[in-house]
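Please open the model in your viewer and keep the sequence panel beside it. The tour goes from one selection to the next and says at each stop what is there.

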Amino acid sequence: MKKSIINSIFLSAVFACLVGFSSCHDDIYGAINNEIKLNSSGLQGDMHSIVHYKNYILTCNGDIFYKTNEPSTTKGEYNGQWEKTTSPTSEKGDNGIPATTYFLASDSEYLYALTYIWVENDDGENEPKTATIYATNSDPASGLAWTKVENISGGNYSFENAKVIFDNKYFYVEDNNSVSIANREAYARIRATSQDTYKLYKLNGSAAPAEVSNPTFVGGESDSTNAISACYFNNNTYFSKYYGMTSNDKCLYYTKTYTRSNNVSRNSSLYYITASDSNEQSVDLDAGGLLSIAAAKDYILLGTSDGLARVAINESTGIPNGDTTKMEGNGNSVISEYVFMVFVLNPNKKEGSYSTEEGTDEYASSTIYGSIRSSSDSWDDTGLYAWYPAKKEWNRDGD
């Protein structure tokens, strides 16, 4: 019997198997325990990342969505602000399956997308045929005009060759509260057809990417074959073979939990280096496996294998103070297990809202790990959640 399923649930499930993302949301208990009614709609599926681009933030779950980067505290608007924008291509794969975008990155001028075309293999199963990188410098609100990124010499855009794109997360809020990403750079891990190993390339609009020579790695690694994330710190860009990386002006923080091989360990250690000491230090947070991290002014927001968590940092030194502390509101119950993406809108503001200072908007997302058949969750539970300081709650976030 043919196994081809062409709806969006199947595509999300297939991609979850490919990249190893997983999660369960204990929404019912979270809502009961905190007397919070969860929004009935939200962006669903695998939300791998949120990126700053021009005056917007964007995310993707196959389709691409955008909203302004104006904080909810000044805009006065909360759930339901995401809008779908133009996909990189209208090309469809076998059985009419549309192209799907699962990775976004940005630099100081361009937005990049890694987009898949699906085909049916000999066993009747859908799998990626190509993974093409596209670039645009147009405005999401007007519709994005995408251009295919020129390929590297000797390479092609088969699924096995273009693996992942990411950026160095550079972000700075200027005195007039405008956002600067002047030092942001985007990268891709690509393999040429004549080579057995992947290399690290810097993206440059639609021009051919340039190989990065002698990149600086954290965590004792030095092989560009393994690069899947980057972070700007102390006037340098650092790379890692693990997904979790974040920084402020005092420390670079990273994890050693989730790798390109899709292995998720229970490593609960948060690693860091300081601006004055490049020697690696760490603190065990006893919070499950640390899968994703994002720094705010007073806390590091943690996406873990046990849900959301946070650890306080010394605002003078940036050094983590020790074990995790309870999240505000319903943060410890709205998402109960794997959280593969966390994002802080403004790292210069405080996490949460129960302080005299204005807090920052925050986002978190996860998806089912492996086959949906082995999960107790439904796809209605997956996708994007948000914390808006004035609302004092985590809730589903949608369009």
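## Stop 1: charged pairs

Begin by selecting Glu328 and Arg310 in this predicted model, whose side chains meet in a salt bridge with an N to O distance of 3.9 Å. The pair links distant parts of the chain, since Glu328 belongs to the loop between strand E24 (307-312) and E25 while Arg310 is in strand E24 itself, 18 residues apart. Are these two residues buried or exposed? Glu328 has a relative accessibility of 14% and counts as buried, and Arg310, at 7%, counts as buried as well.

Next, select Glu357 and Lys297, where a second salt bridge is found, this one with 3.0 Å from N to O. Here the two partners are 60 residues apart: Glu357 sits in the loop between strand E25 (341-344) and strand E26 (362-366), and Lys297 in the loop between strand E22 (290-295) and strand E23 (299-304). Glu357 is partly exposed, with a relative accessibility of 31%, and Lys297 is also partly exposed, at 29%.

Keep Glu357 selected and add Lys350, because the side chains of these two residues form a salt bridge too, at 3.9 Å from N to O. Lys350 has a relative accessible area of 16%, which falls under the 20% limit, so this residue counts as buried. Adding Glu315 to the selection completes a network of salt bridges that links Lys297, Glu315, Lys350 and Glu357. Across the structure there are 13 salt bridges. As a general matter, side chains of opposite charge can pair when their charged atoms come close.

## Stop 2: aromatic rings

Now turn to the rings, of which the structure holds 19 aromatic pairs. In one of them, Phe166 and Phe239, the ring centres are 6.5 Å apart and the planes stand at 75 degrees, so the pair is edge-to-face. Because Phe166 lies in strand E9 and Phe239 in strand E17, this pair ties together parts of the chain that are 73 residues apart in sequence. Both Phe166 and Phe239 are buried.

For a group of rings, select Tyr78, Trp82, Phe343, Tyr363 and Tyr388, which ring pairs link into a cluster. While Tyr78 is displayed, add Lys391 as well: the charged end of Lys391 sits over the ring of Tyr78, 5.6 Å from its centre. A further charge over a ring can be viewed by selecting Lys256 and Tyr271, where Lys256 lies over the face of Tyr271 at 4.3 Å from the ring centre.

## Stop 3: positive phi in two loops

The next selections concern the backbone. Most residues other than glycine have a negative phi. Which sign does phi take at Lys169? Phi of Lys169 is near 65 degrees, a positive value in a residue other than glycine. Lys169 is in the loop between strand E9 (162-167) and strand E10 (172-173), and its relative accessibility of 34% makes it partly exposed.

Move on to Asn234, which likewise is not a glycine and has a positive phi of about 55 degrees. Asn234 is found in the loop between strand E16 (229-233) and strand E17 (236-240), and with a relative accessible area of 43% this residue, too, is partly exposed.

## Stop 4: the whole chain and its confidence

Zoom out to the full protein, which has three helices and 28 strands. Of its 399 residues, 57% count as buried, and the protein exposes about 16400 Å², of which carbon and sulfur atoms supply 41%. Among the contacts with a separation of 6 or more, 57% are made by residues 24 or more positions apart.

Finally, colour the model by pLDDT. The mean for the protein is 84, and 84% of the residues reach 70 or more. Which elements mark the two ends of the scale? Helix H1 (residues 8-19) has the lowest mean pLDDT among the elements, at 42, whereas strand E19 (residues 251-254) has the highest, at 97. Select residues 1-33 as the last step: pLDDT stays under 50 over this stretch, for which the model has 98 contacts beyond four places in sequence.

Key: Residues numbered from 1 in each chain as written. Predicted model: local features only at pLDDT ≥ 70, side-chain atom pairs only at ≥ 80, totals over all residues. Heavy atoms only, no water. Helix = DSSP H or I, 4+ residues; strand = E, 2+ residues; numbered from the N terminus. Buried < 20%, exposed > 50% of the residue type's maximum accessible area, 1.4 Å probe, protein only. Contact = heavy atoms within 4.5 Å. Areas by Shrake-Rupley, 256 points an atom, 1.4 Å probe, with all protein chains shown as cover. Salt bridge = Lys/Arg side-chain N within 4 Å of Asp/Glu carboxyl O. Phe/Tyr/Trp six-rings, centres within 6.5 Å; stacked < 30°, edge-to-face > 60°. Lys NZ or Arg CZ within 6 Å of the ring centre and 35° of its normal. pLDDT = per-residue confidence, 0-100.
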